[in-house]
Amino acid sequence: MAGVDDRDPDEPRAQLPVGPLGELAREPLEAPIYRWMRATGWAVARVISVVALALAWELFARSGAVTPFMLPPLTAVLERIWNDLVAGELLLNTGVTLYRAMAGFLIGSVAGIVLGMAISRGKLADWFFDPIISVGFPMPKIAFLPIVILWLGLHDVAKIAMVALDAIFPVVTATLAGIKGVERELVWSARNMGASERATLWQVVVPAALPQIMTGFQVALPIALIVAVVTEMGMGGYGLGAAMMTAARLADSAGVFAGVVEIAAVGYAAVKAVAITRRRLLLWHAEAMEPTTA
């Protein structure tokens with residue numbers, strides 16, 4: 001009879017995709033090729049602005065509106081970078097700058113975390129250090145450069161000290177904000193379960209504050225690179241900043257712009273490395289579950 005289902009009730013039936021509200025899903029499952037195409041499209045879209053800027057630079061430099069001394073073509077700058085790479089100068093200067101920046105960043109980060117934890121846990125430390133941080137954070141720390149030169153000279157120790165001095169403040173404030181933002185219910189639960197103060201701090205408070213601390217790292221690292229380059233410009237020696245100043249004294253325009261491109265590339269790589277590390281360390285956090293366009 002029409003309209004009557006005469007199939008065996010025990011026979012398995014094909015399951016149609018169901019949407020979040022119970023209705024039949026109308027969109028087909030996305031094939032891997034489409035996911036790859038979408039990811040590739042987003043990757044290309046992210047570099048369009050950089051490619052456009054590079055093309056505008058090359059065209060404007062060759063238009064005759066400016067002299068090659070004022071703005072050398074991008075191709076000439078890239079050729080200069082390649083020559084420095086082949087000669088070994090690029091690797092040497094980049095390595096020296098990264099060494100100073102990362103050493104100062106690590107010192108400032110460790111000191112910032114320890115100091116932030118001490119301020120958050122002790123009233124005496126809060127009373128003593130809070131005014132110093134409030135005054136020192138907005139102050140341009142580069143003003144201490146002449147004092148650091150008088151005390152420590154012109155060598156790596158002075159440059160690393162300047163980097164650490166600048167990097168410590170973002171990490172301190174981020175650690176304080178992260179610890180103060182930890183939900184009290186988590187701390188109360190840990191204490192009720194018999195956890196000591198030290199265990200509560202390292203197993204509950206610090207992991208919960210880790211997203212804010214990582215944000216402090218992401219702020220401090222570019223500052224560390226900037227300060228490393230600036231100190232090299234002022235103190236001389238090896239490094240990307242010192243190489244740029246040497247090129248400027250010799251009226252080597254291509255060398256100066258090559259330094260700008262090299263510093264930009266190194267800074268971008270360092271910031272991306274911290275962002276990747278953040279995603280790896282915070283796989284358990286809610287921010288890792290958020291949808292992304294990548």
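This report covers the helices, salt bridges, second largest pocket and nonpolar surface patch of a predicted model.

**Overall make-up**

The chain contains ten helices and zero strands. Read from the N terminus, its elements follow the order α-α-α-α-α-α-α-α-α-α. The chain has 294 residues, and 33% of them count as buried.

**Salt bridges**

Five salt bridges are counted in the model. The table gives three pairs from among them, with the N to O distance for each.

| Pair | Distance, N to O |
|---|---|
| Arg80 and Asp84 | 3.3 Å |
| Arg80 and Asp252 | 2.3 Å |
| Asp156 and Arg100 | 2.8 Å |

Arg80 appears in a salt bridge with Asp84 and in another with Asp252. Arg80, Asp84 and Asp252 are thus linked in a network of salt bridges.

The pair Arg80 and Asp84 sits within helix H2, which spans residues 74–87. The two residues are four apart in that helix, so about one helical turn separates them. Their surroundings can be described by accessibility. Arg80 is partly exposed, at a relative accessible area of 24%. Asp84 has a relative accessible area of 14% and is buried, because the cut-off for buried is under 20%.

The side chain of Arg80 also meets that of Asp252, at 2.3 Å from N to O. Arg80 belongs to helix H2, while Asp252 lies in the loop between helix H9 (240–249) and helix H10 (253–281), so this pair ties together parts that are 172 residues apart in sequence. Asp252 is partly exposed, with 22% relative accessible area.

The salt bridge between Asp156 and Arg100 has an N to O distance of 2.8 Å. This pair links distant parts of the chain, as Asp156 is in helix H6 and Arg100 in helix H3, 56 residues apart. Asp156 is partly exposed, with a relative accessible area of 28%. Arg100, in contrast, is buried, at 5%.

**The H9–H10 loop and Trp82**

The loop between H9 and H10 also holds Ala251. The phi angle of Ala251 is near 60°, which is a positive value in a residue other than glycine. Ala251 is partly exposed, and its relative accessible area is 48%.

Helix H2 also contains Trp82. Trp82 counts as exposed, at 55% relative accessibility, because the cut-off for exposed is over 50%. In sequence, Trp82 and Ala258 are 176 residues apart, yet their C-alpha atoms are 9.7 Å apart in space.

**Second largest pocket**

Where in the chain does the lining of the second largest pocket come from? Helix H3 (89–121), helix H4 (123–136), helix H6 (156–180) and helix H7 (184–192) each supply at least two of its residues. H7 gives the most, with four residues.

The space in the second largest pocket amounts to about 360 Å³. Its lining is made of 14 residues, and those nearest the pocket centre are Ser120, Arg121, Ile179, Lys180 and Arg184. By class, the lining divides into seven nonpolar residues, six charged residues and one polar residue.

Helices H3 and H6 therefore come up in two settings: each supplies at least two residues of this pocket lining, and the salt bridge between Arg100 in H3 and Asp156 in H6 links them.

**Nonpolar surface patch**

A nonpolar patch of about 730 Å² lies on the surface. The residues that make the patch are Met139, Phe144, Ile147, Leu150, Trp151, Leu152 and Val157. Helix H5, residues 145–152, provides the largest share of the patch, with four residues.

One of the patch residues is Ile147, which is found in helix H5. Ile147 is partly exposed, with a relative accessible area of 35%. Ile147 can count towards a patch on accessibility because the cut-off there is over 30% relative accessible area.

Note on methods: Residues numbered from 1 in each chain as written. Predicted model: local features only at pLDDT ≥ 70, side-chain atom pairs only at ≥ 80, totals over all residues. Heavy atoms only, no water. 1 Å grid on protein atoms, 1.4 Å probe; cavity = no way out; pocket = protein on both sides within 12 Å on 5 of 7 lines; lining within 4 Å. Points joined across faces, edges and corners; volume = space filled by probe spheres on them. Nonpolar A, V, L, I, M, F, W, Y, C, P; charged D, E, K, R; others polar. Salt bridge = Lys/Arg side-chain N within 4 Å of Asp/Glu carboxyl O. Buried < 20%, exposed > 50% of the residue type's maximum accessible area, 1.4 Å probe, protein only. Patch = residues over 30% accessible without salt bridge, like charges linked within 9 Å, V, L, I, M, F, W, Y side chains within 5 Å. Areas by Shrake-Rupley, 256 points an atom, 1.4 Å probe, with all protein chains shown as cover.
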